[in-house]
Amino acid sequence: MADADAICRAICDDEDLPQEILDAYDEALHGTLPAKSQVFTLWSKYSMIKEMLLVKKNVDISNYSNLVGWIKNKNVGYIRKQAKVFTPTHIRTFLSNASDQAYLHLKVAVIMGLCGATRREEQYNMMIKHVVDKGTYYVVTLYDRKSNKDRIFTVNEPYYQIVQKYIKLRPPNAKTESFFLTYRDGKCYNQAIGLNTIGSFPKQVAEYLQLDEPERYTGHSLRRTSTTILAGTGASMSTLKRHGGWKNPSCVEGYIEESEDVRQSICNQIVGAVDQTPSTSLSDQPSGPQQLKMSTGGNVVASNGAHQIVLNISLGK
């Protein structure tokens, strides 16, 4: 029975892969990875095989409808555990209460993640030259490797002063251009912060706030938090796509966490529509036969049984 690694080795060794080998791969997937918790392992192995065959053998297995259909069926009922998000209250509490002496670098990372929906890789690759001081706000330029173009955002007040304080602590003889430098006891040191350390920042924030499951606040949490908060303000899909550098609306939706505030807002809109003051339009008036007659005083009286309108008509000679 062939497995994904064996097939990749065969492709790399430029061996011929007859149809029965590829069929065996289908069987291997059926037999070795049945659990729903391994759906993404299925897709990753499928993608690996597909790309290798396309490059090395010019064979496109995306036409193997049975295999693709089987993997999709495995996805039914599977709920992916995504990175948890911070609420606006969490953000305010941390930025207001956490000590700058110990947490200033984390505050700046949270601000960059919040204002720019940044990934941990983007914060790691951020250079000091990418953050331009405009006097009352910063303009931050990031290169988005997924969209192959720059993404620009600003950091305004009151966050501007927090970022400015961190930048002023930067050693004048810094040998690295990295924006995030090692920070301890109120001082920045001449050493860039590593990728994994930056990825652990949301977890450290969650631990400070004593949130449940702090390990689920990963390097993607700030990006999801930023998108969720912006979506909660009623931002349009085009605004959300520009904010995170996405092209596909479905990608945006995958980053948005439906908070209780959003659910309550939806409920309030429905309840408000039901409980609104009854309209006084004609369509809401009681129905019934309408009558139009001349009164003895020369007035025209219109009536539908519930309401009566008197028109005083004066005819000139």
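1. Helices (H or I, at least four residues) and strands (E, at least two) are DSSP runs, numbered from the N terminus. Under that numbering, Pro158 lies in the loop between β3 and α8. The peptide bond leading into Pro158 from Glu157 is cis, with omega near 5°.

2. This is a predicted model, in which local features need pLDDT of at least 70 and side-chain atom pairs count only at pLDDT 80 or more, while totals for chains, interfaces and linings use all residues. Residues are numbered from 1 along each chain as its sequence is written, and side-chain values use heavy atoms, with hydrogens and water left out.

3. On confidence: pLDDT is the predictor's confidence in each residue, from 0 to 100. The chain average is 78, and 66% of the residues score at least 70. Over residues 33-37 pLDDT stays under 50, and for this stretch the model has twelve contacts beyond four places in sequence; contact means heavy atoms within 4.5 Å. Where pLDDT is low, the predicted coordinates should not be read in detail.

4. Helix α6 (residues 100-116) and helix α10 (residues 201-209) have axes that come within 10 Å and cross at roughly 115°. Axes are lines fitted to C-alpha atoms, for helices over the stretch in contact, and angles run from 0 to 180 degrees between N-to-C directions. The angle therefore makes α6 roughly perpendicular to α10. Angles under 35 degrees count as roughly parallel, over 145 as roughly antiparallel, 65 to 115 as roughly perpendicular and the rest as oblique. The crossing of α6 and α10 is left-handed, a term for the near helix being turned anticlockwise from the far one by less than a right angle, with right-handed used if clockwise.

5. In that contact, α6 supplies Tyr103, His105, Leu106, Ala109 and Val110, and α10 supplies Phe201, Gln204, Val205 and Tyr208. By class there are seven nonpolar, two polar and no charged residues in the contact of α6 with α10. Ala, Val, Leu, Ile, Met, Phe, Trp, Tyr, Cys and Pro count as nonpolar, Asp, Glu, Lys and Arg as charged, and the others, Gly among them, as polar.

6. Helix α5 (residues 88-97) also packs with α6: their axes come within 10 Å and cross at roughly 145°. This crossing is left-handed. Ile91, Phe94 and Leu95 of α5 meet Tyr103, Leu106, Lys107, Val110, Ile111 and Leu114 of α6. The contact of α5 with α6 has eight nonpolar residues, no polar ones and one charged.

7. With helix α11 (residues 221-232), α6 packs at an angle of about 50°, the axes being 7 Å apart. That makes α6 oblique to α11. The crossing of α6 and α11 is right-handed. On the α6 side are Ala109, Val110, Gly113 and Leu114, which meet Leu222, Thr225, Ser226 and Ile229 in α11. Five nonpolar, three polar and no charged residues make up the contact of α6 with α11.

8. An open sheet is formed by three strands in the order β1-β2-β3, with antiparallel pairing. Two strands pair if DSSP finds at least two bridges between them. β1 (131-133) and β3 (149-155) are at the edges with a single partner strand each, so one side of each is left without a neighbour in the sheet. From one strand to the next, the twist averages 20°. Strand β2 (residues 138-144) pairs with β3 in the antiparallel sense over seven bridges, and the bridge partner of Tyr143 in β3 is Asp150. Helix α8 (residues 159-168) packs on the sheet, touching β1, β2 and β3, and its direction makes about 75° with that of β2.

9. Strand β4 (residues 181-184) and strand β5 (residues 187-192) run antiparallel and are joined by three bridges. Tyr183 stands opposite Cys188 in β5. β4 and β5 form a hairpin with two residues between them. Asp185, in the loop between β4 and β5, has phi near 50°, a positive value in a residue other than glycine.
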